[in-house]
Every structure is written in C-alpha cells, then in structure tokens.
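Let's take a walk through this one together. Keep the viewer open and turn things around as you read.

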Amino acid sequence: MEECYSTKLLAEKSYEFIDEGAKSGKPFFIRIAPVAPHSNLAGGGKEGDSEDAGYDDNGLSVLSRGEGNAPISAERHKNLFPNVRVRRTDNFNPSRPSGASWIRNMPRQSVENVECNNLYYRRRPQALQAVDDLVKGTKQRLQQKGVLDNT
C-alpha cells in the first residue's frame, strides 16, 4: 500500500509545488511537515470505530495489542532496525522503584507493555527513513530547478 503512504504523498505534492514555484519565477515558500515519526493518528477503521481513536471497546489503548498508534513506516523500510529496543538503564522498569512518589507508586511494566514500547521505539527510526528521503528529494529538486540558493 506504498502508494497511499502519507510521507510519499507529501513528497509528491511538495515536488509538484517546487516545480510550479520555480516555473513561475516568483519567490515561493514551502513548509513540509510529515507526520512520521510521530504516532499514527489516522484511524484505520470506519468512522466512529473505537479502533479509529486507538482504543478498544473497553477504553484501553490498542498499543497493548502491539499495533495501535505506533508510527507507520514505508513498506520498503518496515524490516529495518530489527534489534532496536528501548534502552535498558538502571532506572528502566526497576523491581524496586525509587524517586518521586508518583513514580515510586507506579506498577512495574508487564512483558507485553515493554514489548509494545519496543515496537513503538523501533517504528520511529523506520518511519524516519522516508522523511530522510523526502528531505534529500526536496534538496535535489530545488537544486535541479536552480532555486536552492534562493529558498
């Protein structure tokens, strides 16, 4: 479903805008703001579905099922960084929590929650790859059109 990937669509529209702006010979401004690598806020279900908002029928985050609102990468990047996970410092999910009372009183994360956090953490650099392609493509397009130094 690469043809519907938001960063790809944004790149295509941005390149068209640069082409038109350069052709006009007038100054132009473009601001490109991809959603990646942030949470996927667009729902995949029908309007009104609880899945649409990232919560199940019980009001619990669907992240606990391993998908939910995790960033979405381009298909070509989905298998990158298979071993990336949340850093395990001394303060990561301790068996004896310390610190401020609101932290100390938090329950320990379940294995499922830790894996969900790892998925989310891994998806961010995967999604950033398409953003890197967008930045590179934008610079190349501006250079090709001879307007890079005037942008």
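Where is the place of Ser-14? Ser-14 sits in helix α1; helices here are DSSP runs of H or I with at least four residues, numbered from the N terminus. Before going further, some ground rules: this is a predicted model, where local features need pLDDT of at least 70 and side-chain atom pairs count only at pLDDT 80 or more, while totals for chains, interfaces and linings use all residues. Residues are numbered from 1 along each chain as its sequence is written, and side-chain values use heavy atoms, with hydrogens and water left out.

Back to Ser-14, which counts as buried because its relative accessibility is 4%; buried means under 20% relative accessible area, exposed over 50%, and partly exposed in between, using a 1.4 Å probe and protein chains only. Leaving aside residues up to four places away in sequence, Ser-14 touches Ile-30 and Ile-32, a contact being heavy atoms within 4.5 Å.

Now look at α1 as a whole. Its 19 residues, 6-24, should span 27 Å at 1.5 Å a residue, and the end C-alpha atoms are indeed 27 Å apart; the expected span is 1.5 Å times one less than the number of residues. Along with Ser-14, the buried residues of α1 are Thr-7, Ala-11, Tyr-15, Ile-18 and Gly-21. Looking down the axis, the buried residues fall within an arc of 130°, so they line one face of the helix; that arc is taken from the directions from the helix axis to the C-beta atoms. Part of what covers these buried residues is α3. Flip to the face turned away from the buried side and you'll find the exposed residues Lys-13, Glu-20 and Lys-23. After the helix comes Gly-25, with a positive phi near 75°.

How does α1 connect to other parts of the chain? Start with Asp-19, which counts as partly exposed because its relative accessibility is 25%. The side chains of Asp-19 and Arg-141 meet in a salt bridge at 2.8 Å, N to O, where a salt bridge is a side-chain nitrogen of Lys or Arg within 4 Å of a carboxyl oxygen of Asp or Glu. Arg-141 lies in helix α3 and Asp-19 in α1, so this pair ties together parts that are 122 residues apart in sequence. Asp-19 also forms a salt bridge with Lys-145, with the closest N and O atoms 3.7 Å apart. Lys-145 is in the segment after α3, 126 residues from Asp-19.

Another salt bridge joins Asp-133 and Arg-76, the closest N and O atoms being 2.9 Å apart. Here Asp-133 lies in α3 and Arg-76 in the loop between α1 and α2, so parts 57 residues apart in sequence are tied together. Searching the whole structure turns up 5 salt bridges.

That loop has some backbone oddities too. Most residues other than glycine have a negative phi, and most peptide bonds are trans. Phe-81 isn't a glycine, yet its phi is positive at about 55°, and Phe-81 is placed in the loop between α1 and α2. Asn-93, in the loop between α1 and α2 as well, has a positive phi near 45°. The peptide bond from Ala-36 to Pro-37 is cis, with omega near 5°, and Pro-37 also belongs to the loop between α1 and α2.

Methods. Helices (H or I, at least four residues) and strands (E, at least two) are DSSP runs, numbered from the N terminus.
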